[in-house]
Structures are given as C-alpha cells and as structure tokens.
Amino acid sequence: DPVLRESSRLQGAVGMSAQTTVDPADVKAGGILEALNHNMFSNGLKYSNAKLKTLDIDAETQKLIDYCSPVKHLDSGDPPICLIYTGPFSRDTDHIHHSKLGLLFKKRADAVGATCTLSVRNEPNYPNPEPNYVLKLLGLTEKDELK
C-alpha cells in the first residue's frame, strides 16, 4: 500500500494569530500584561487574574502551563513554522493572540535552531512570507499536482 509507505510526520505549520504560550511569565515579559485579565487564564489555571500577575504559581500548575504552551516544546527537529499576525507590536488589543507572543515564539525558535518565519502586518522587519510559502514547505511548485 503506497499510503502506508508515506510519512505522517508534519512537514510544516502555518498559524494565524497563534496563541503561542499560556505562561503568565511570558505574557508579562512580552509587555502585554493586560492579557492576564482574560478569563482563559483564570478559568484554565484556577488562579485569580491578580495572583497570576504576581507570578506566584505553584510547581504543579507551572508544569501544566509548560505542557500547554507550544513555545516550551520547540526544538531543532521541528518542521518549518510560519506565524502570521494582523496587528502590529504597538496594538493594544488581541492580548492572548498578540503579535508580541509571535515574536517570543520566533526568538525561542531561533535560539533552539528551529525554523520560524514571522509575519506581522505593518512591521517592516517581519513582512509577509514569500509567495507560495506553503507549497515550498511541502517541496512543491505551482505546477505540481497533489496525487
């Protein structure tokens, strides 16, 4: 069976306004402390928003945070990742999907040797990915047919 001979390994990923972490320390370091007001944090972690802002988190909860934060799982063996954000770094909305969390992901990916393309609207250092980015991730061209 030809399908059974094909790898199921992820070849690449594209995320739109991805929430790259649920770690309050990352959110605070990113300068978007307002994100910790979102009930996703207090409900999901069973902590008050005020307590999360102090970063007074027990070890068991930190383990859960790390497990649920994609940025904590990066390594050099990861396939290429592209993150696209519509709001610039100066935007004061989109807190849990803020482009600064994309920048955090990009910096950590670079640090561990993972390939990450970051695109942030109105940020000249992070332009749109090149045309046909996804096709190139898959090693295809416009003329290739998916079989």
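**Cavity, ring pair and core in a predicted model**

The lining of the largest cavity comprises 2 nonpolar, 7 polar and 2 charged residues. This is a predicted model, in which local features need pLDDT of at least 70 and side-chain atom pairs count only at pLDDT 80 or more, while totals for chains, interfaces and linings use all residues. Residues are numbered from 1 along each chain as its sequence is written, and side-chain values use heavy atoms, leaving out hydrogens and water.

Reader: How are the rings of Phe89 and Tyr126 arranged, stacked or edge-to-face?

Author: Rings pair if their centres lie within 6.5 Å; planes under 30 degrees apart count as stacked, over 60 as edge-to-face and the rest as tilted. The centres of Phe89 and Tyr126 are 5.7 Å apart and their planes stand at 80 degrees, so the pair is edge-to-face.

Reader: Is Phe89 buried or exposed?

Author: Buried means under 20% relative accessible area (1.4 Å probe, protein chains only), exposed over 50%, and partly exposed in between. Phe89 has 15% relative accessibility and therefore counts as buried.

Reader: Which element gives the most residues to the largest nonpolar core?

Author: A nonpolar core is a set of buried Ala, Val, Leu, Ile, Met, Phe, Trp, Tyr and Cys residues joined through side-chain atoms within 4.5 Å. The largest one has 28 residues, and Leu83 and Phe105 are among those with the most contacts inside it. Helices (H or I, at least four residues) and strands (E, at least two) are DSSP runs, numbered from the N terminus. With 5 residues, the element that gives the most to this core is α5.

Key. Phe/Tyr/Trp six-rings, centres within 6.5 Å; stacked < 30°, edge-to-face > 60°. Nonpolar A, V, L, I, M, F, W, Y, C, P; charged D, E, K, R; others polar.
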